[in-house]
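User: Hi! I have just started learning to read protein structures. Could you walk me through this one with some questions and answers?

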Amino acid sequence: MRAGALRRIKQYARRPIRPVTIQQLLSRSRGVSDSDHVEHAEWLREQLPVRLAHRLSDFMQLPYVVLLNARFHEMFRLNFQAFDSSKNAAPVHDAASSAEFAEVLHRLVRSTDDMVRTMQEGYGELQMLLGDLVELDSFIDRVFVTRIGNRLLAEHYVAVDEARARGGGHAGVVRQDCRPAEIAEALSRSLGDRFQERYGARPLVVVEGQTDTEFSFVPEHLDFVLQEVLKNAMRATVEAHIASGSRLPPVSVEIMKGSFDVTLKISDAGGGMRRDTLDRIWKYGYTSPRRTQRRRQC
């Protein structure tokens, strides 16, 4: 990499990353004025390269043996390409340039589609080579947090820009009427079909509590997280009880709405986990399924 590129990365990495709330995303929805939409675009033009520069700086501080890995090298290349594209995006000043910027963001999002798989493969190769000699979990956490945040910001802007163009009423990627009960029930059906096909049995998922709860959130994110937790609870239930031939105990999803937050509690009768696994469950590369040992995705 040329010295000029390194200087630009360091320059942008010295700037702070500004956190964004759900309420701020909602305030930048379809109903904003043209000037507010342009201001939103200019904020993104300034902030996205800053966020990417922080992660590129992290890459450059990794041990040399990690950067020699072809997958991690490709990860660095993808992040630098996204940094360069966002940094060089043309200013936004009207509807036409807003649409052009939305296209830049769309390409940026698509350019990182394979990032999870690439990181997973690279991490697996380094584990086989180095074992626990190099600790990468905190680095990977930061990479994925930035990736999720950048994709959310970019997809929100693109959705708002498209909604403004067609006159729709969708507030970007945030839904003000996100209903966890509906998501949990839909997942119980789709996951139940998969368990029926694989195990010949499906645990019953009981959704209870304040099932009429609605709140402002990103449905796709809640769907992803809830799917992973439910899948683990259902698998533990099946593997703990299927051999007995008795009726499978239900998995419970309890929805509790407080004054300032919403809590989802997933409970199962799968027997829990061994104490000696508690220190390993949050490490990338750890998997708990019996019989088939495979690496979980990063």
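User: Which residues are linked with Arg71 in a network of salt bridges?

Analyst: Happy to help, and please keep in mind that this is a predicted model. A salt bridge here needs a side-chain nitrogen of Lys or Arg within 4 Å of a carboxyl oxygen of Asp or Glu. The network joins Arg71 with Asp114, Arg117, Glu121 and Glu125.

User: How many salt bridges are there in the whole structure?

Analyst: One of them is the pair Arg110 and Asp113, whose side chains meet at 2.7 Å, N to O. Another joins Arg179 to Glu182, with the closest N and O atoms 3.1 Å apart. A search of the whole structure gives a total of 20.

User: Arg179 also forms a salt bridge with Glu214. How many residues apart in sequence are the parts that this pair ties together?

Analyst: The closest N and O atoms of Arg179 and Glu214 are 2.6 Å apart. Arg179 sits in the loop between β1 (175–178) and α9 (180–199), while Glu214 sits in the loop between β2 (205–209) and β3 (215–217), so the parts tied together are separated in sequence by 35 residues.

User: Is Val160 buried or exposed?

Analyst: Val160 belongs to helix α8. Beyond its neighbours within four places in sequence, Val160 is in contact with Arg28, Ser29, Arg30, His37 and Gly172. Buried means under 20% relative accessible area. Because the value for Val160 is 0%, this residue counts as buried.

User: What about Phe224, buried or exposed?

Analyst: Phe224 is found in helix α10 (residues 219–241). Together with Val225 and Val229, Phe224 forms a nonpolar patch on the surface, with about 280 Å² of accessible area together. The cut-off for exposed is over 50%. Phe224 has 53% relative accessibility, so the residue counts as exposed.

User: How far apart are the end C-alpha atoms of helix α8?

Analyst: Helix α8 covers residues 137–166, which is 30 residues. At 1.5 Å a residue, the helix should span 44 Å. The model agrees with this, because the end C-alpha atoms are separated by 43 Å.

User: Which residue just after α8 takes a positive phi?

Analyst: Helix α8 runs over residues 137–166. Just after α8 comes a residue with a phi of about 80°, and that residue is Gly167.

User: Over which residues does pLDDT stay under 50?

Analyst: The protein chain has a mean pLDDT of 89, and 94% of its residues reach 70 or more. One stretch, for which the model has 24 contacts beyond four places in sequence, stays under 50: residues 291–298.

Key. Residues are numbered from 1 along each chain as its sequence is written. Side-chain values use heavy atoms; hydrogens and water are left out. pLDDT is the predictor's confidence in each residue, from 0 to 100. Contact means heavy atoms within 4.5 Å. Helices (H or I, at least four residues) and strands (E, at least two) are DSSP runs, numbered from the N terminus. The expected span of a helix is 1.5 Å times one less than its number of residues. Patches are made of residues with over 30% relative accessible area and no salt bridge: like charges are joined within 9 Å, nonpolar side chains (Val, Leu, Ile, Met, Phe, Trp, Tyr) within 5 Å. Accessible areas come from the Shrake-Rupley method with a 1.4 Å probe; for residues, only the protein chains shown count as cover. Buried means under 20% relative accessible area, exposed over 50%, partly exposed in between (1.4 Å probe, protein chains only).
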